[in-house]
Amino acid sequence: KAVRIIALGTLNKRKSFDRLLFVVNKLRNESFDFETLILGDGPERVKLQQFIDNNKLNSVVKLIGYVDNPYPYIISSDIYVCSSYAEGYNTAVSEAIILGKAVVSTEVSGIREQLGENSEFGIVTNNSEDGLYSGLKEMLSRDNISKYQLKANTRAKIFNLSKQMKLIYDLIENEHNQ
C-alpha cells in the first residue's frame, strides 16, 4: 500500500503548496511509492492543478478542495506535511500529532515547541525546497514513519487543551499588563 501524505490549508502563496508539488515530483521521479492529498481551496488552485497536469502527477496528487471535517483524511494518512513559508501556531500540526501521525514541517514559528528542538517528535526542515525534499525523503526512506508515529503518540500527551488554553490566557494577560 502506498504511503499517504496529507497537507491542508488555504491554497495561497504562504502555504507554499507549489513548493510541496516540486518536491513530490522529485520524489515520484525517484520511484518512491506514495500519494499526496491536499485539502483546501484558494487563489493558487488553478496554478497547482496545472502543475499537477503538466507533470503527470494526477496518479500521485489529489487536490481534494475544502472539506468541513479533515479528520477522516488525516486519520487515513501516514504523514502530515507543512510546507509553509510562515505560520502562526500551527494547529494542524498539533492535531496531526494528537492523531498519531508522522510529521514533516518546514521551520516556521513555534514548530520546534511542537516537534522538539532536535526533531524528536517529527522532522523539522530548513524552510526551503531542498529542506522539504530532504525531510520528506528521510521520512519515506527509512522506517521513520512508524518511529515518528510512535513518538507522536507520546508527544500527544502534552496537548491537553485546558493546559494549552491556560498558557495562552497567561500570555495574553502578561502582554496586557505590560
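The exercises below, each with a worked solution, deal with a predicted model.

Residues are numbered from 1 along each chain as its sequence is written, and side-chain values rest on heavy atoms, with hydrogens and water left out. Since this is a predicted model, local features need pLDDT of at least 70 and side-chain atom pairs count only at pLDDT 80 or more, while totals for chains, interfaces and linings use all residues.

**Exercise 1. Backbone angles**

Task: For Ser31 and Lys56, state the sign of phi, the place in the chain and the exposure.

Solution: Begin with Ser31, which is not a glycine and yet has a positive phi of about 70°. This serine sits in the loop that runs between helix H1 (17-29) and strand E2 (34-39), where helices (H or I, at least four residues) and strands (E, at least two) are DSSP runs numbered from the N terminus. Its relative accessible area of 64% makes Ser31 exposed, given that buried means under 20%, exposed over 50% and partly exposed in between (1.4 Å probe, protein chains only). Turn next to Lys56, also not a glycine, whose phi is positive at about 50°. Lys56 belongs to the loop between helix H2 (45-54) and strand E3 (61-65), and with 64% relative accessibility it counts as exposed.

**Exercise 2. Nonpolar cores**

Task: Find which residues of the largest nonpolar core touch the most other members, and list the contacts of Leu20.

Solution: A nonpolar core is a set of buried Ala, Val, Leu, Ile, Met, Phe, Trp, Tyr and Cys residues joined through side-chain atoms within 4.5 Å. The largest such core holds 31 residues, of which Leu20, Ile38, Ile79 and Leu136 touch the most other members. Helix H1 gives the most to this core, namely six residues. Apart from this core lies another, of 18 residues, among them Ile74, Ala96, Ile111 and Val124. For Leu20, with contact taken as heavy atoms within 4.5 Å and residues up to four places away in sequence not counted, the partners are Ala7, Ile38, Val81, Ser83, Leu132 and Leu136.

**Exercise 3. Strand E5**

Task: Describe how strand E5 is covered and how it is joined to strand E4.

Solution: Strand E5 (residues 102-106) is mostly covered, with five of its five residues buried. Ala102, Val104 and Thr106 point one way from E5, whereas Val103 and Ser105 point the other way, and all of them are buried. Strand E4 (residues 79-82) runs parallel to E5 and is joined to it by four bridges, two strands being paired if DSSP finds at least two bridges between them. Within this pairing, Tyr80 stands opposite Val103 in E5.

**Exercise 4. Two partly exposed residues**

Task: Locate Lys47 and Ser76, and give one C-alpha separation for each.

Solution: Lys47 is part of helix H2 and, at 39% relative accessibility, is partly exposed. Its C-alpha atom is separated by 9.8 Å from that of Leu11, 36 residues apart along the chain. Leaving aside residues up to four places away in sequence, Lys47 touches Lys13 and Asp18. Ser76, by contrast, is placed in the loop between helix H3 (71-75) and E4, and its relative accessible area of 30% makes it partly exposed. The C-alpha atoms of Ser76 and Ala92, 16 residues apart along the chain, are separated by 15 Å.
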